[in-house]
Amino acid sequence: MLKTPVTVPKLSGTASEAPTSKIPSPTIAKGEQTDGNKQGKPLIVSLENVKKTYNNGAVGLNCVNFELFQGDFKFVTGHSGSGKSTLLKLLYGAEQATYGDVIVNGINLNTLKGNALAMLRRRIGIVFQDYKLVPRRTVAENVALVLMAQGFTHKEIQRRLQPALKMVGLTHKANCFPEELSGGEQQRTSIARAIVNTPPLLLADEPTGNLDAENAWQVIKILKKLNSFGVTVLVTTHDEQMVRAANHPVIHLRDGYVV
Ligand SMILES: Nc1ncnc2c1ncn2[C@@H]1O[C@H](COP(=O)(O)OP(=O)(O)OP(=O)(O)O)[C@@H](O)[C@H]1O
């Protein structure tokens, strides 16, 4: 396989390190702090009477009301087809609600298009079950690409890259390609990519779905640590046992309804 030359900062190889707490705090841009009523915390996400019907008539969500306040960590559970991914897709604008309002950081996504949607997405970190790493880019490059696309300077990229990799315990794998990583390491790379621009909201769609119990728990511990720094976290999962162990509030979906 052709391996593109490294164009992002080379990190000195270090011993494997445990995930650490040194990462810049999430920043909430002015104007994003919307009125909240949960102990005065800003409301980050609000779904009001949301229905999503796909073009083929399939109902993804029905009559969903749901709120996330700054600093919340919530799980979304439910059987296959219950609407978990639909909920997340509505929040990052991959799908639009058929009815009702989806409000993220004070912005109604129903009215958002093009550039404005792209700008909002910069304030949301997204983690997928299948990692979605670029195969011919190293760990460091995969993480840095997000910052490059947003026009960060080389110096700023360097400043942000190292804490993000350290946070997920992958400093020593910075120059490895995805094919050289375990599934857990690939998922931790995708988390580093999601948080490197310190978004205040992190959405994770089945982030542990392809991982064994040990790696799954490592991912949850990283998400918990990010949450302890103030990142608002929403995670979909099938894994009821893990949800119990993680001990955070749960929204349960059945056939598109919150139950
Ligand atoms: N692009 C689409 N076009 C048509 N129907 C869709 C589409 N995406 C999802 N659906 C339907 O919407 C419903 C909810 O799907 P969704 O993917 O949100 O469920 P899920 O709980 O995430 O499932 P899983 O756990 O299997 O990923 C299902 O009936 C599904 O078939």
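# Exercises on a predicted ligand-bound model

Helix H1 (residues 84-91) contributes three residues to the shell around the ligand, the most of any element. Helices (H or I, at least four residues) and strands (E, at least two) are DSSP runs, numbered from the N terminus. This is a predicted model, in which local features need pLDDT of at least 70 and side-chain atom pairs count only at pLDDT 80 or more, while totals for chains, interfaces and linings use all residues. Residue numbers start from 1 along each chain as its sequence is written.

## Exercise 1. The ligand shell

Identify the residues around the ligand and sort them by class.

Step 1. A residue is near a molecule or strand if its C-beta atom, placed from the backbone, lies within 6 Å of it. The residues around the ligand are Tyr54, Asn56, Ala58, Gly60, Gly78, Ser80, Gly81, Ser82, Gly83, Lys84, Ser85 and Thr86.

Step 2. For the classes, Ala, Val, Leu, Ile, Met, Phe, Trp, Tyr, Cys and Pro count as nonpolar, Asp, Glu, Lys and Arg as charged, and the others, Gly among them, as polar. The shell then divides into two nonpolar, nine polar and one charged residues.

## Exercise 2. The surroundings of H1

Determine which residues of H1 are buried, and describe how the helix is placed against the strands.

Step 1. A residue is buried if 20 or more other C-beta atoms lie within 10 Å of its own, exposed if 12 or fewer, and partly exposed in between, with C-beta atoms placed from the backbone. In H1 the buried residues are Lys84, Thr86, Leu87, Leu88, Leu90 and Leu91.

Step 2. Because six of its eight residues are buried, H1 is largely enclosed by the rest of the structure. In the protein of 259 residues, 41% count as buried.

Step 3. H1 lies across S4, S8, strand S9 (232-237) and strand S10 (250-254), and runs at about 150 degrees to S8. Axes are lines fitted to C-alpha atoms, for helices over the stretch in contact (C-beta atoms of two residues, placed from the backbone, within 7 Å), and angles run from 0 to 180 degrees between N-to-C directions.

Step 4. After H1 comes glycine 93, with a positive phi near 75 degrees.

## Exercise 3. Strand pairing

Establish the order of the strands in the open sheet, and trace the partners of S2 and S5.

Step 1. Two strands pair if DSSP finds at least two bridges between them. The open sheet has six strands in the order S7-S8-S9-S4-S10-S11, with mixed pairing.

Step 2. Strand S7 (124-128) and strand S11 (257-258) are at the edges with a single partner strand each, so one side of each has no neighbour in the sheet. S7 pairs with strand S8 (residues 201-205) in the parallel sense over five bridges, and valine 127 stands opposite alanine 204 in S8.

Step 3. Strand S2 (residues 41-53) pairs with strand S3 (residues 59-69) in the antiparallel sense over seven bridges; serine 46 faces glutamate 67 in S3. Their hairpin has five residues between the strands, and glycine 57 takes a positive phi near 95 degrees in it.

Step 4. S2 also pairs with strand S5 (residues 99-104), antiparallel over five bridges. Glutamate 48 stands opposite aspartate 101 in S5, and leucine 47 has valine 102 as its bridge partner.

Step 5. S5 is joined by two bridges to strand S6 (residues 107-108), and the two run antiparallel. The S5-S6 hairpin has two residues between its strands, and asparagine 105 in the turn has a positive phi of about 50 degrees.

## Exercise 4. Confidence

Assess where the confidence of the model is lowest and where it is highest.

Step 1. pLDDT is the predictor's confidence in each residue, from 0 to 100. The mean pLDDT of the protein is 87, and 85% of its residues reach 70 or more.

Step 2. By element, confidence is lowest in strand S1 (residues 34-38), at a mean of 54, and highest in strand S4 (residues 73-77), at 98. Over residues 1-35 the pLDDT is below 50, although this stretch has 72 contacts in the model beyond near neighbours in sequence.

Step 3. Where pLDDT is low, the predicted coordinates should not be read in detail.

Step 4. The scores of the model are ipTM 0.98 and pTM 0.87.
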